[in-house]
Amino acid sequence: MIHKGLLRSESVFVVYMFVLVASQNAGVNSVCSVAQDCKACISAHPDCAWCSNALFKDRKPTCVDSKTTSYNCSDTLINPQSYEDIVQNENYSNASESTTSSQDIIQMRPQRLTLRLRKGQTKNVNITFHKVIDYPLDLYYVMDLSNSMSDDLDTLKGLGAKLVSNIKDNITQNVEVGFGSFVDKVMMPYTSTVTDQLENPCAGGVNVTSCAPPFGFRHQLAITGNATEFQNTVQATKVSGNIDIPEGSFDALMQIAVCEEFVKWRPGSTRVILLTTDAPPHIAMDGKLAAILEANDMKCHLQKGFNAKLDSEAIVYAKSKTLDYPSLGQLKQAFTEHKIITIFAVTDDVLPVYQEISKVLKNLGEASQLASDSNNIVSIIADAYEKIKGRLLVRASSIPSHVTYSSKTYCSSGDIVDGVMDCNNISIGDEVTFELSFTANECMEGSHQINLTSSSLTDVVTIDLEYICDCNCPGQAANSTLCSNQGNLTCGICECEAGWQGLNCQCDSSTVNDALCLMQGGNGQQCEDHGQCDCGKCVCANGYNGTHCQCQTTGCATKDNKLCGGPDKGWCNNCNGLKKCECFAPYTNRESDGGTCTCDPVNCQANGDRTQPKCSGRGACQCETCRCDDENKWGGTYCHQCKHPECTGITLTCDTPRIKDCAQCKSRSDGCKEECPENEFLLFDKVTTLPNCQGTCSASDPGCGICSRYDPTHAHIKCGGTFADGCSYSYDVYWTTDDRYHGFVKIFDTTTDCPAPINALVIVISVVIGVVLLGIIALILWKLHTIRRDKRLWDEFEKERMLSNCTQVILRCHFRIVYF
C-alpha cells in the first residue's frame with residue numbers, strides 16, 4: 001500500500017537532487033528537471049530521459065537531458081524513441097499481373113504501418129509508388145439539355161457509337177461510358193411552372209417547338225461497355241427548357257458522384273465526369289430564390305418514376321425541390337471521397353467561370369473550350385485523360401490537430417515537391433517516393449488512423465498513429481532493499497507500505513511531522529509543490545531550492561539559450577522573483593545581456609593570460625573592457641600604451657641623452673639603426689617645422705604622414721648644437737597621437753654645417769694687410785703722439801711768454817706811479 005504522504009492528486013512525486021550549481025538547470029536539463037515522474041519526464045521534452053538510478057547526490061532518480069554526459073545511469077536510463085512498425089508490405093504487381101482486375105493491382109508500399117510517436121519527436125516514413133498500369137477509364141457523359149444546347153445534342157447523336165470507338169482508338173481500349181442530363185429545378189424562378197410549359201417548355205418556340213418536360217437531373221445510362229446501348233440512349237434523348245440563365249449542373253454532379261449504386265463505377269477505374277454546357281451553374285444558397293432553405297446533404301436521392309411528366313422508368317433527382325444546390329466545397333469533398341475527376345467542356349463565353357471552378361477543385365477539375373457544335377469533344381477527352389493518367393496526387397486524410405504533418409515528394413522526373421504529394425508526367429515503370437514527417441505535439445490516449453488515397457488509384461496506405469506516453473521501466477521490484485524492504489520500487493521511486501514513508505521508506509509515519517514541509521504563508525502544498533517531503537524535510541526538484549523549495553533556479557536571463565550564460569559561468573537565484581544571475585569567479589554580470597554571467601576579465605588581461613594583471617595594473621576591468629585610471633596618460637586594450645611623454649621615462653628636452661645622442665648619430669651616419677630605429681627618428685634634407693606640417697603638408701613630403709599625427713597637447717621642441725669639430729646639427733622632437741615621440745633630424749652637410757677649410761694665400765694677404773695696417777696704425781699713433789707733444793710744448797711756451805708780458809706791464813705801471 002502506498003502511503004498517502006507520498007501522493008499528490010493521486011500521483012507519486014519524483015525525488016530530485018538539491019540544486020547546487022546552474023549546470024544542472026541550464027538548457028534542456030532545466031526543462032527536464034521540473035518533471036515529477038517518468039511519464040512527465042518523457043513528455044517534457046524530446047531529449048528528456050528518466051534516470052531511475054543516477055549517480056547523483058543520494059542516488060535519487062531524476063529527469064535529465066539525455067544528450068549530456070554529466071550523469072551515469074548505466075542501464076537505467078529510460079528514453080523511448082518514436083519508431084515505425086510495418087504491418088503490411090506486399091510487393092508491387094508486375095507487368096503480367098496488370099492484366100488482371102485493376103482492383104488487385106499493387107502500386108504503393110508499404111500498405112499499412114504503425115507509427116508510435118513520442119511527444120516532440122519527429123518521425124519520418126517513406127511511401128513509394130511504382131506505376132505498373134494505366135487504369136481503365138469510366139466516362140460519365142452528363143449534358144445540359146436546355147434548349148440552347150440542341151445543336152450539341154444533335155452532334156452527340158451523330159457521334160453515337162462512334163464516340164466510344166473514337167475513345168478506344170485515340171485514348172484507351174479499356175473504356176466504358178454512362179450518360180445523364182440536367183436542366184434545373186422545376187420551380188420558379190428557374191423553370192416555368194405554367195401547366196403547358198411543364199408538358200412542353202419549348203411550345204411556341206422558333207427553332208424547336210417540341211421538348212421533353214423539364215427536370216433537375218436524369219440518370220439515363222449506367223457505366224457500360226456496350227456502345228450500341230449508349231447510342232440508343234443518346235438517340236432517345238430530347239432537349240428541354242428553363243427560363244433563367246444558370247443551370248442545375250451542380251445538382252447533377254453531386255448525384256453522379258455519390259450514387260455509385262446507380263452509376264456503377266467499376267472498382268479500380270479512373271472515374272471521369274464529362275460535363276458539357278453553355279451556361280454558368282447555380283451555386284449554394286441560390287435555392288433561397290425559391291425558398292429552399294435546407295442545405296444539400298451530399299447523399300444519393302435518385303428515384304425511378306418520381307417525375308410523373310416523364311416515363312415511368314426515368315431515374316431522376318427526387319430532392320431537387322427540397323435541397324439547395326451543393327457548394328463547391330461539398331463537390332470537392334464528394335469528388336475526393338469517391339475518386340472522381342470532372343472535365344468541364346464549356347463554350348467560350350462561360351469558360352472563365354469554369355476555369356475558376358477548376359482552380360477551387362484543384363486537381364479534381366479541368367476546364368476546356370467546347371466548340372459551338374461540340375465536334376471537338378473527343379479531343380477534349382483525350383487531352384484530359386493524358387493529364388489524368390500521367391498525374392499522381394495523393395492526399396492524407398484526417399490528420400489529428402495535435403500532430404504536425406509535412407511531406408516531401410521525390411518525383412521520377414527529379415523534381416522535389418514540398419508540402420504536396422503531387423507529380424506529373426508519370427509513365428509506366430516510373431517510381432515516386434513520398435517522405436512524410438509526423439510530430440506529436442501532445443501525448444494522447446488511444447490511436448488515430450490516417451489514409452493516403454488518390455483519385456486515380458485504388459491503392460490505400462493506412463498509417464495508424466499511436467503514442468508513447470508512459471515508461472516501461474526495467475528493474476521493478478516488490479519489497480525492494482532500496483525501499484528498506486518496506487515498499488515497491490517503480491522506475492526508481494519507492495512506493496511505501498502503510499505506516500512507512502520517506503524517499504527510501506525509512507521513516508515510521510508515526511514519528512514524522514509532515515507539517516514541517518508546509519511553509520507559513522505559502523500555497524498550502526508540501527514543499528510549495530516543487531519537491532517531496534522526506535520525513536519532514538523538503539527534497540526539491542531540479543530548478544528549485546530553499547527550505548521549502550520556494551526559490552526557483554530558473555527564470556533568469558539567458559545567453560545563447562544558456563541560463564545565466566552557461567552552467568560554468570553562474571546560476572540563477574530566483575528566490576521570491578529575484579531573477580538574478582549569481583556568477584562564478586572570475587565571471588561577472590553583463591547588463592547588455594540581461595545580467596547574464598558572460599563578462600570574462602581574461603579579455604582585460606594581456607594576451608588572454610590570466611596570470612597578467614588586469615588592465616596592466618593601470619585601470620579597472622568593466623565587464624570585458626579596460627577603463628584606464630589616467631586616460632590622458634595610458635591607453636590601449638589593456639592600458640598598456642603610453643599616451644604622454646611622462647610614460648616613456650624620457651624627458652623631452654634637447655639635453656635628454658637618448659634623444660640628443662640619436663639625433664647626433666643619425667645626422668652624421670646611419671650606423672645607429674638598432675639603437676635609434678627609423679620609427680622614432682627620421683632624416684630630412686632640412687628640419688620640417690610643425691607649423692609647416694599643419695595645413696601645408698604635401699603628399700610629396702616624406703614626413704607628411706607623421707606630421708599629420710602630431711599631438712598638439714604635448715610639448716614640441718627645436719634643438720641643435722655643435723660637434724667638437726665645429727660642425728652643427730639640428731632636429732625637432734614632438735609627440736604624436738599614436739602615443740610615442742618622433743625626431744625630425746637634419747641630414748649633416750659639410751658645405752653648410754661646418755667651417756670652410758683654411759686658404760694660405762688668404763692668410764698671407766691677411767698677414768701682409770695686417771702688418772701694413774699695424775704699421776699705418778703705428779705711424780698714426782706716433783704722429784698723434786708727436787702732435788700731442790709739440791702742442792704741449794707750444795702751450796708751455798705761450799704760457800711763459802704771457803707771463804713775461806704781464807711782468808713788464810706791472811713794472812711799467814709801478815714806474816708810472818712812482819714818477820707821479
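**Close-up views of a predicted model**

**Figure 1. The whole chain.** Of the 820 residues of the protein chain, 45% count as buried. The model is predicted. Its secondary structure comes to 17 helices and 46 strands. Among contacts between residues at least 6 apart in sequence, 62% join residues at least 24 apart.

**Figure 2. The largest nonpolar core, with 40 residues.** Leu163 and Ile377 touch the most other members of this core. Both helices and strands give two or more residues to the core. The helices are H3 (150-159), H4 (161-170), H6 (227-235) and H11 (377-389). The strands are E10 (137-144), E11 (175-182), E13 (270-277) and E16 (340-346). Helix H11 provides the largest share, 8 residues.

**Figure 3. A second core, separate from the largest one.** This core has 33 residues. Ala252, Leu323, Phe335 and Tyr354 are among them.

**Figure 4. The packing of helix H9 on helix H10.** H9 covers residues 328-338 and H10 covers residues 351-361. The two helices pack at an angle of about 55°, and their axes are 10 Å apart. Because of this angle, H9 is oblique to H10. The crossing of the two helices is right-handed.

**Figure 5. The residues in the contact between H9 and H10.** H9 contributes Leu328, Lys332 and Phe335. From H10 come Ile357, Val360 and Leu361. By class, the contact has 5 nonpolar residues, 1 charged residue and no polar residues. Phe335 of H9 takes part in this contact and is also included in the second core.

Note on methods. Residues numbered from 1 in each chain as written. Predicted model: local features only at pLDDT ≥ 70, side-chain atom pairs only at ≥ 80, totals over all residues. Heavy atoms only, no water. Core = buried A, V, L, I, M, F, W, Y, C linked by side-chain atoms within 4.5 Å. Buried < 20%, exposed > 50% of the residue type's maximum accessible area, 1.4 Å probe, protein only. Helix = DSSP H or I, 4+ residues; strand = E, 2+ residues; numbered from the N terminus. Axes fitted to C-alpha atoms, helices over the stretch in contact; angles between N-to-C directions. Parallel < 35°, antiparallel > 145°, perpendicular 65-115°, else oblique. Left-handed = near helix turned anticlockwise from the far one by under 90°. Contact = heavy atoms within 4.5 Å. Nonpolar A, V, L, I, M, F, W, Y, C, P; charged D, E, K, R; others polar.
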